[in-house]
Amino acid sequence: MTTSLSTSPPAVPGPSDSPSPVLRIPPATPAEAVAYFGASLAFHADVSDVAAALQAGGDPGFVVLDSRSTASWDQGHVPGAVHLPTALIAGQAERLLDQAVPVITYCWGPGCNGATRAALALAGLGYRVKEMLGGIEYWIREGFEVETRHGRERRTADPLTAPAGPADCGC
């Protein structure tokens with residue numbers, strides 16, 4: 001009996017295999033989706049959820065870390081955040097952060113992976129960490145207060161990104 005191994009690449013669905021480009025690659029199985037989306041929520045925090053936890057008063061159970069430069073921090077940051085640029089994490093995290101308290105990192109916004117790099121550096125040092133999706137850009141776009149060296153300020157929320165209702169988006 002002879003066995004032959006195929007050297008052909010796996011079949012990739014083509015344009016005629018599905019009525020739409022969305023479904024050319026079929027969705028994951030429900031079990032795969034549960035694993036993926038559950039993992040995503042373990043790694044990410046929403047700007048609105050972070051703001052709500054901070055505004056509720058008391059201990060939110062986490063610390064917010066701004067990983068941007070000092071000049072960026074001075075432009076405006078999440079009130080109460082710790083400032084620790086990514087390049088300084090290895091040398092200063094232990095002095096500024098408690099490993100028992102989860103850390104929520106942020107940087108500029110969705111087009112920047114600075115918060116991801118900061119989260120990776122912190123995780124490598126033994127911290128439990130999540131990345132705040134949208135960064136300071138969406139914090140500001142949703143109308144949350146920022147702190148600068150001149151005090152606190154709030155910009156009008158962008159109606160295309162902020163929740164339409166008074167409390168939250170309902171999700």
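Visitor: Which strands does helix α5 lie across?

Guide: Helix α5 lies across β2, β4 and β5 (129-133). Its direction is at about 150° to β4. Keep in mind that this is a predicted model.

Visitor: What kind of unit do β4, α5 and β5 make?

Guide: Together, β4, α5 and β5 form a β-α-β unit, and that unit is right-handed. The two strands also pair directly. β4 and β5 are parallel, with three bridges between them. Look at Thr-105: its bridge partner in β5 is Glu-131.

Visitor: Where is Ala-121, and is it buried or partly exposed?

Guide: Ala-121 sits in helix α5 (residues 114-124). Buried means under 20% relative accessible area, and exposed means over 50%. Ala-121 has 30%, so it counts as partly exposed. Now find Ala-87. Its C-alpha is 9.1 Å from that of Ala-121, though the two are 34 residues apart along the chain.

Visitor: Now the sheet. What is the order of its strands?

Guide: The order is β1-β5-β4-β2-β3. These five strands make an open sheet with parallel pairing.

Visitor: Which strands stand at the edges, and why is one side of each left without a neighbour?

Guide: β1 (44-46) and β3 (82-83) stand at the edges. Each has a single partner strand, so one side has no neighbour in the sheet. Take β1: three bridges join it to β5, and the two run parallel. Ala-45 stands opposite Met-132 in β5.

Visitor: How many bridges link β2 to β4?

Guide: Four bridges link β2 to β4 (residues 103-106), in the parallel sense. Follow two residues across. Leu-65 faces Thr-105 in β4. Asp-66 stands opposite Tyr-106, also in β4.

Visitor: And which residue of β3 stands opposite Asp-66?

Guide: That residue is His-83. β2 and β3 pair in the parallel sense, over two bridges. From β2 the chain crosses through α3 to β3, and this β-α-β crossover is right-handed.

Visitor: How do I read the two faces of a strand?

Guide: In a regular strand, side chains alternate between the two faces of the sheet. Try this on β2. Val-63 and Leu-65 are on one side, while Val-64 and Asp-66 are on the other. All four are buried, and both faces of β2 are covered.

Visitor: Where does Arg-68 lie, and is it buried or exposed?

Guide: Arg-68 lies in the loop between β2 (63-66) and α3 (70-75). Apply the cut-off again: under 20% is buried. Arg-68 has a relative accessibility of 3%, so it counts as buried.

Visitor: Which backbone oxygens does the side chain of Arg-68 reach?

Guide: There are two to look for. The side chain of Arg-68 reaches the backbone oxygen of Gly-76 at 2.6 Å. It reaches that of Ser-72 at 3.3 Å.

Visitor: What else does Arg-68 touch?

Guide: Leaving aside residues up to four places away in sequence, Arg-68 touches several residues, including Trp-73, His-77, Pro-85, Cys-107, Trp-108 and Ile-136. Two names from the sheet return here: His-83 and Tyr-106 are among its contacts.

Visitor: Last, helix α1. How many residues does it have, and how many are buried?

Guide: Helix α1 (residues 30-43) has 14 residues. From first C-alpha to last it reaches 20 Å, close to the 20 Å expected at 1.5 Å a residue. Now check its cover. The count of buried residues in α1 is zero, so read this helix as hardly covered.

Technical notes: Residues are numbered from 1 along each chain as its sequence is written. This is a predicted model: local features need pLDDT of at least 70, side-chain atom pairs count only at pLDDT 80 or more; totals for chains, interfaces and linings use all residues. Side-chain values use heavy atoms; hydrogens and water are left out. The expected span of a helix is 1.5 Å times one less than its number of residues. Buried means under 20% relative accessible area, exposed over 50%, partly exposed in between (1.4 Å probe, protein chains only). A polar contact is a pair of N or O atoms within 3.5 Å; within protein, one must be able to donate a hydrogen and the other to accept it, and residues adjacent in sequence count only if both atoms are side-chain atoms. Contact means heavy atoms within 4.5 Å. Two strands pair if DSSP finds at least two bridges between them. Axes are lines fitted to C-alpha atoms, for helices over the stretch in contact, and angles run from 0 to 180 degrees between N-to-C directions. A crossover is right-handed if, with the strands pointing away from the viewer, the path from the first strand over the helix to the second runs clockwise.
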